Amino acid sequence: MPDNSSTAYLSGLNDVQLQAVTNTDGPVLVVAGPGSGKTRVLTYRVSHLIKTGVKPYNILTLTFTNKAAREMKDRISIEVGPQANQVWAGTFHSIFARILRMEAEKIGYPSNFTIYDTEDTKSVIGNIVKELQLDKTVYNPNVIKSRISSAKSNLITPKLYEANEDLRTQDRMAKRPHTYTIYQKYVARCKKSGAMDFDDLLYRLYELFQKNPDGVLDKYRNRFQYVMVDEFQDTNQLQYAIVRKLVNYENSPRNICVVGDDAQSIYAFRGATIQNILDFEEDFKPHGIKVFKLEQNYRSTEEIVQVANEVITYNRRQIPKKIWSDKGSGQRIKLIRALTDNEEGKRIVDTILEQKNRSHLSNSEIAILYRTNAQSRIFEEFLRRYNLNYRVFGGLSFYQRKEVKDIIAYMRLVVNPRDEEALRRIINFPKRGIGASSVEKIAALAEANNETLWQSLPKVKVASRTKTALASFVKTINGLRKKLNTDNAYELTQRILEESGIGKLYKTDTSIEGMGRMENINSLMDGVKSFVDEAGAEFDADNQPDISLTTYLQNIALHTDLDDEEKSGDYITLMSVHSAKGLEFKSVFIVGLEEKLFPSFMSMDTVEGLDEERRLFYVAITRAEQFLTLSYANSRYRYGRMQYNEPSRFLEEVPRDYLENTSSISSRKINQEPNPSGASVKGFFKKPSAATRIDPKNFHPNDSSEIQAGMNVLHLKFGKGKVLSIEGGEANRVATIFFKDLDNPQKRIMLKYAKLQILD
DNA sequence: GTTGGTATCTGTGGA
DNA sequence: AGATACCAAC
């Protein structure tokens with residue numbers, strides 16, 4: 001037993017936290033409400049393990065963001081010192097990528113495989129769609145991508161997909177019968193290119209464990225004696241399957257601890273399922289699972305906690321728990337109603353100034369949270385105008401900028417010449433006379449010979465001028481590759497800039513744009529430089545410090561702009577609600593609370609979708625410590641058009657007693673019209689038909705009691721329709737109406753809320 | 001093959 | 001509104 005001084009850290013924990021920290025052996029589920037000290041429990045648990053003699057390299061902790069992982073490592077090292085660096089703490093993607101680097105050859109990948117990002121993935125799909133001569137509006141790469149992604153997340157291989165009648169029928173119904181073929185080709189092409197997409201980092205590891213060549217699985221079972229998973233509610237089937245492989249086997253000690261909160265599950269769209277928490281309980285029940293519930297909130301005032309509790313009760317199922325705070329009473333929740341998006345921006349920033357003055361808040365204690373990244377612009381404008389320092393997170397990250405991606409494409413091709421997307425990107429950049437038709441010839445030859453573009457490139461039959469250009473391109477890349485083992489990342493990148501001609505291209509560009517690009521390239525170079533200077537410290541005992549370009553690429557592939565080192569300075573945070581998860585601020589502004597925006601129109605057509613939006617709202621509310629401000633605008637510009645939206649239904653779920661301004665919000669009518677067919681809403685956005693061009697001035701709705709079956713009616717948004725039937729009595733009459741102008745014409749409408757004009 | 005201008009499309013969240 | 005695809009003219 002360690003002496004008192006080394007267990008002193010445990011005294012700062014409450015009873016349940018202490019239990020969760022010290023019950024280290026056997027399966028544990030921690031249900032942790034917002035602000036309940038979840039990170040604390042996890043880090044103390046790891047420290048506790050190490051202090052009681054567990055080797056740090058036998059501990060694996062999986063998180064969702066690099067930031068969470070880094071924070072954890074930092075906090076562990078405060079307790080146990082530098083050996084914290086030997087803990088396997090990282091994101092699912094980064095830890096798995098690291099294992100795959102070591103084992104990739106066992107499943108037919110090169111160890112220096114490329115990681116395809118979203119753009120690469122879409123581009124590959126786009127190319128396949130083109131080659132198959134399919135209509136890319138029907139086979140929208142975004143749609144196909146998400147189908148492929150969810151197939152992989154549910155352990156459905158192309159073979160299984162082919163045999164899966166449900167999926168095939170769905171595709172046929174959606175007029176995309178060839179989705180299966182694209183999936184199959186996509187997988188083959190990634191493999192040929194020596195590339196893994198984000199899902200592959202999970203899927204291929206599962207494959208590795210499943211096939212278990214050379215007993216590789218035992219090696220990792222043995223290495224990871226203690227496994228912890230953060231944000232377990234956000235794991236998908238595939239992730240849980242991998243975790244099970246690692247800990248759930250005959251004679252395993254099953255030292256697994258998962259931490260999660262069903263109320264904060266907000267990633268169903270990428271395959272996460274709350275079912276995993278429920279399954280976890282079942283799966284480990286026979287092995288003496290212990291469940292701990294952290295219900296005390298240490299973050300927020302009573303008002304904020306109560307509002308969050310109340311809002312979440314509108315969801316259907318949840319793990320029963322009652323979050324409470326002893327922080328006492330604070331400010332009521334403020335609601336800002338604005339007429340336009342612009343006014344919303346101004347009034348939010350006014351309120352920020354007021355709060356700063358009255359309550360002496362610093363910028364870093366303030367966050368503006370929105371549903372979509374596109375909403376940041378207006379707030380940026382006002383913040384700039386008022387001279388307030390701010391920083392926008394999300395949106396496109398540094399590494400996704402065009403000029404940066406170009407250079408990274410060179411790096412990628414040098415490291416892995418099979419990388420098809422990198423090759424396509426730079427084969428004619430800077431311009432060297434190799435146009436689209438030449439690239440297509442190369443691609444066709446590669447497809448015919450079942451080889452990579454790089455292999456086909458020297459053999460293709462093209463005009464002699466193109467031939468020369470191709471040869472010179474190959475020579476440049478090969479020359480750079482020769483330096484891979486001798487140059488460090490920085491030296492080689494400099495060489496790339498020089499020999500590719502990119503350096504020259506931008507140096508001679510004196511336009512404002514060009515200078516901005518040059519600036520970005522310089523920051524990239526700075527980044528590479530600091531990687532080279534600092535890399536040594538990043539690696540554990542069993543890894544040599546490595547400052548090669550190969551390693552640099554691996555480091556940045558999973559980088560997001562949330563991971564950028566805390567830039568110095570005191571700034572207001574602007575980010576999506578999704579990226580705010582896990583963070584806290586003294587004052588939080590949740591903006592754009594309007595129907596079709598928050599909740600998003602993409603999620604409004606199902607109860608599940610709405611529940612997830614509501615959990616998202618719950619996450620947003622619980623970020624706040626003291627001040628919470630909600631806002632909406634009656635109109636805003638979206639897609640270049642003015643749009644009028646009703647206030648969000650979520651506002652009605654906020655108990656009035658906790659609102660600062662008690663003048664009722666229901667004086668403004670909140671639209672609760674059920675919207676059973678989301679497809680038609682999407683259709684409405686996509687092709688504004690005649691139905692959308694009704695002039696409101698000529699629209700005179702009748703009283704809903706007059707509506708009868710068989711009538712022809714006019715709806716402001718849906719256009720002309722025929723009432724097919726009416727059900728329900730008096731107050732709750734629901735009409736089924738056929739709107740001929742909609743993609744999905746049959747709608748059920750609550751007459752109480754609908755505005756309909758009788759035509760005859 | 002390249003250029004520059006116009007038409008068209010698209011549109012949540014993020015590792 | 002902004003990005004991208006497409007197309008005619010060089």
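This passage walks through a predicted model of a protein chain with DNA, starting with the overall build and ending with the charged pairs.

Chain A is built from 30 helices and 22 strands. Of its 760 residues, 53% are buried. The rest of the picture comes from the surface: chain A has about 34300 Å² of accessible area, and carbon and sulfur atoms own 49% of that. How do the contacts run along the sequence? If we take the contacts in chain A between residues at least 6 apart in sequence, 73% of them join residues at least 24 apart.

Next comes the DNA. There are 27 residues around DNA strand B, and the ones that come nearest are Arg371, Ser438, Thr560, Met602 and Tyr639. On the DNA side, sugar and phosphate make up 45% of the strand B atoms that come within 4 Å of the protein. What sort of residues form the surface near DNA strand B? They split into 16 polar, 7 nonpolar and 4 charged. Some helices turn up here with at least two residues each, namely α7 (141-153), α20 (436-449) and α27 (577-580).

A few polar contacts show what the side chains are up to. Arg371 goes for a base: one of its polar side-chain atoms sits 2.2 Å from a base oxygen of DNA strand B. Ser438 has a phosphate instead, with a polar side-chain atom lying 2.2 Å from a phosphate oxygen of DNA strand B. Asn142 also meets the backbone of the DNA at a phosphate, where an N or O atom of its side chain is 3.0 Å from a phosphate oxygen of strand B.

Now for the charged pairs within the structure. As a rule, side chains of opposite charge can pair when their charged atoms come close. The structure holds 51 salt bridges. One of them is between Glu584 and Arg299, whose closest N and O atoms are 2.6 Å apart. Glu584 sits in the loop between α27 and β15 (585-590), while Arg299 sits in the loop between β9 (296-297) and α15 (302-312), so this pair ties together parts that are 285 residues apart in sequence. Are the two partners buried or exposed? Glu584 is partly exposed, at 41% relative accessible area, whereas Arg299 counts as buried at 11%.

A second salt bridge stays local. Lys346 pairs with Asp350, with 3.1 Å between the closest N and O atoms. Both residues belong to helix α16 (residues 341-359), and they are 4 residues apart, which is about one turn of the helix. Lys346 is partly exposed, with a relative accessibility of 37%, and Asp350 is partly exposed too, at 29%.

A third salt bridge joins Glu403 to Arg517, and here the closest N and O atoms are 3.5 Å apart. This pair links distant parts of the chain, since Glu403 is in helix α18 (residues 402-415) and Arg517 is in helix α25 (residues 512-538), 114 residues apart. Glu403 is buried, at a relative accessible area of 6%, while Arg517 counts as partly exposed at 25%. Finally, some salt bridges share partners, and these join Asp117, Glu119, Asp120, Lys405, Asp406, Arg412, Asp419 and Arg425 into one network.

Conventions. Residues numbered from 1 in each chain as written. Chains lettered and ligands numbered in written order. Predicted model: local features only at pLDDT ≥ 70, side-chain atom pairs only at ≥ 80, totals over all residues. Heavy atoms only, no water. Near = heavy atom within 4 Å. Polar contact = N/O pair within 3.5 Å; in protein donor to acceptor, adjacent residues only side chain to side chain. Nonpolar A, V, L, I, M, F, W, Y, C, P; charged D, E, K, R; others polar. Buried < 20%, exposed > 50% of the residue type's maximum accessible area, 1.4 Å probe, protein only. Contact = heavy atoms within 4.5 Å. Areas by Shrake-Rupley, 256 points an atom, 1.4 Å probe, with all protein chains shown as cover. Salt bridge = Lys/Arg side-chain N within 4 Å of Asp/Glu carboxyl O.
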